[in-house]
Amino acid sequence: MKQKADRVIERRFREKNLKLSDIAQELGVSVRYLSEAYKHAGTTASKALMQYRLQRANVMLREGHCQGMSVGEICSRTGFACLSHFSRVFKEEYGLTPTEARTEEVLV
């Protein structure tokens, strides 16, 4: 179940209002069942969604073809609704602000 949910996250992570209930509904399961699948893997569905969004943002910040995009645009394109929240959780995850990450030479 977790693998199926991960594929839904990969496909729909750009949706700012994506909720666990949306993922569960698409898979035809309850939110509780979805949550249990992630719990058995030692995480939560919410964390999995956040991690995927952060990973995609990290890649975009460092890719040459995305250099013309602002940090705000990358924030929006990876499903974050609030730039300050994005910046805070990005720094918590990677130890760098999104702007600092953009200037790094290598992908993390």
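Q: What is the relative accessibility of R11?
A: The model is predicted, so local features need pLDDT of at least 70 and side-chain atom pairs pLDDT 80 or more, while totals for chains, interfaces and linings use all residues. Residues are numbered from 1 along each chain as its sequence is written, and side-chain values use heavy atoms, without hydrogens and water. R11 counts as partly exposed (buried is under 20% relative accessible area, exposed over 50%, partly exposed in between; 1.4 Å probe, protein chains only). The value for R11 is 49%.

Q: Which residue meets the side chain of R11 in a salt bridge at 2.1 Å, N to O?
A: A salt bridge needs a side-chain nitrogen of Lys or Arg within 4 Å of a carboxyl oxygen of Asp or Glu. R11 lies in helix α1, and its partner is 15 residues away in helix α2 (residues 20-27). That partner counts as partly exposed at 36% relative accessibility. The residue is E26.

Q: How far apart are the closest N and O atoms of K2 and D6?
A: Both residues lie in helix α1, four residues apart, about one turn of the helix. K2 counts as partly exposed because its relative accessibility is 27%. The closest N and O atoms in this salt bridge are separated by 2.8 Å.

Q: Which residue forms a salt bridge with E92?
A: E92 counts as exposed, at 58% relative accessibility. Its partner is partly exposed, with a relative accessible area of 45%. The two share helix α6 (residues 83-94), four residues apart. At 3.5 Å between the closest N and O atoms, the partner is R88.
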